Amino acid sequence: MEEGMAAPLEQPTEGVVDDIDIRRSTLQVEQKRIFLNLRENSRGRYLRIAEVTGNNRSTIIIPSSGLIQFRGLLDEYIEYVTTAQMGQQAMMPMGEFGVGAAKKKKRGKKPMGSGENGAEGEGGDGEEERRVFVGNLSWATTWQGLKDHFAGCGEVTRADVFMERSGRSRGCGIVEFANVDQAKAAMASMNNTELDGRLVFVREDRG
């Protein structure tokens, strides 16, 4: 064998690592094909998303450390789009979402724990300031589990897990407290805490 043929094996390019495929999925959306590929190399895992339209291809790479944040943003956009598409049947004041939420604006109190979505609560000024948005929920998390998770921050007057019409969780919800200080305490102390096997994120309810 000639000496020149062995040179590439003896002098590997620095920084080149082999990527291992862990999982692949393909999504067809109208005329676009979207390829999702979870991969791993010596630097860690990452999600590779490629969009193909005709002969055009674009790709983004998301490190595994950013996937929870990425899902959180997707939850927010899905929440917005889905709520808008549900139309007048499920329309409600800004910040109110979930199955049957429009009915919760009736006068008087709702018995705690009754119905599908949550604890008792009253309408009134300042509701948005007393509410926090919780994302990255497990599909198995119920309103009661959400309420119990935040009970240490103060008096939880209401807890809702947003649901699809099919009855499946949308992976996010809201928790309402008796006062603004308790809501601020929840945002400060409960972000990135584990609930039903997931690290949830907590922020103000932006409506």
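Which strands and which helix each supply at least two residues of the lining of the largest pocket? The legends below start with the whole chain and then come to that pocket.

**Figure 1. The whole chain, a predicted model with five helices and nine strands.** Walk along the sequence and you meet the helices and strands in the order α-β-β-β-β-α-α-β-α-β-β-α-β-β. There are 207 residues in the chain, and 35% of them are buried. Take the contacts between residues at least 6 apart in sequence: 49% of these join residues at least 24 apart.

**Figure 2. The largest pocket and the pieces of chain around it.** Here is the reply to the opening question: strands S1 (20-29), S2 (32-41), S3 (44-53) and S7 (169-177), together with helix H2 (67-85), each put at least two residues into the lining. H2 gives the most, with six residues. The space inside comes to about 820 Å³.

**Figure 3. A closer look at the lining of the largest pocket.** The lining takes in 21 residues, and the ones nearest the pocket centre are Leu36, Leu47, Phe70, Arg71 and Leu74. How does the lining divide into nonpolar, polar and charged residues? It has 11 nonpolar residues, three polar ones and seven charged ones. Keep an eye on Arg71, one of the residues nearest the centre, since the next view picks up its side chain again in a polar contact with Asn136.

**Figure 4. Asn136, a buried loop residue with two polar side-chain contacts.** Asn136 sits in the loop between S5 and H4. Is this residue buried or exposed? Its relative accessibility is just 3%, and anything under 20% is called buried, so Asn136 falls in that class. Its side chain makes a polar contact of 3.3 Å with the side chain of Arg71. Another polar contact, at 3.5 Å, links the Asn136 side chain to that of Arg198. Leaving out residues up to four places away in sequence, Asn136 touches both of those arginines and also Ile68, Asp75, Gly171, Leu199, Val200 and Phe201.

**Figure 5. Helix H5, with its buried residues on one face.** Which residues of H5 (residues 180-189) are buried? They are Gln182, Ala183 and Ala186. Looking down the helix axis, these buried residues fall within an arc of 100°, which means that they line one face of H5. As background, an α-helix has 3.6 residues a turn, so residues three or four places apart point the same way. Over on the other side of H5, Asp181, Lys184 and Ala188 are exposed. The buried residues pack against quite a list of partners: helices H3 (127-130) and H4 (143-150), plus strands S5 (131-135), S7 and S9 (198-204).

**Figure 6. The N-terminal cap of H5.** Zoom in on the N-terminal end of H5 and you find Asn179 acting as the cap. One of its side-chain oxygens lies 3.2 Å from the backbone nitrogen of Asp181. Asp181 is also one of the exposed residues of this helix.

**Figure 7. Leu38 on strand S2 and its contacts.** Leu38 is part of S2. With a relative accessibility of 22%, Leu38 counts as partly exposed, because buried would mean under 20%. Setting aside neighbours within four places in sequence, its contacts are Ile20, Asp21, Ile22, Arg23, Tyr46 and Leu47. Leu47 also turned up in the pocket view, as one of the residues nearest the centre. From Leu38 to Ile49, 11 residues along the chain, the C-alpha atoms are 8.8 Å apart.

**Figure 8. Two loop residues with positive phi, Glu30 and Asp196.** Glu30 belongs to the loop between S1 and S2. Its phi is about 55°, a positive value, although Glu30 is not a glycine. Glu30 is exposed, at 73% relative accessible area. Asp196 is in the loop between S8 (193-195) and S9, and its phi, near 50°, is positive too, again in a residue other than glycine. Where Glu30 is exposed, Asp196 is partly exposed, with a relative accessible area of 44%.

**Figure 9. Gly54 in the loop between S3 and S4 (56-63).** This glycine is exposed, with a relative accessible area of 62%. How far apart in space are the C-alpha atoms of Gly54 and Lys32? The distance is 7.9 Å, for two residues that are 22 apart in sequence.

Technical notes:
Residues are numbered from 1 along each chain as its sequence is written. This is a predicted model: local features need pLDDT of at least 70, side-chain atom pairs count only at pLDDT 80 or more; totals for chains, interfaces and linings use all residues. Side-chain values use heavy atoms; hydrogens and water are left out. On a 1 Å grid over the protein atoms alone, a cavity is a set of points where a 1.4 Å probe fits but cannot get out, and a pocket is an open set with protein on both sides within 12 Å along at least five of seven lines; lining residues have an atom within 4 Å of a point. Grid points are joined across faces, edges and corners, and a volume is the space filled by probe spheres set on the points. Helices (H or I, at least four residues) and strands (E, at least two) are DSSP runs, numbered from the N terminus. Ala, Val, Leu, Ile, Met, Phe, Trp, Tyr, Cys and Pro count as nonpolar, Asp, Glu, Lys and Arg as charged, and the others, Gly among them, as polar. Buried means under 20% relative accessible area, exposed over 50%, partly exposed in between (1.4 Å probe, protein chains only). The arc is that of the directions from the helix axis to the C-beta atoms. Contact means heavy atoms within 4.5 Å. A polar contact is a pair of N or O atoms within 3.5 Å; within protein, one must be able to donate a hydrogen and the other to accept it, and residues adjacent in sequence count only if both atoms are side-chain atoms.
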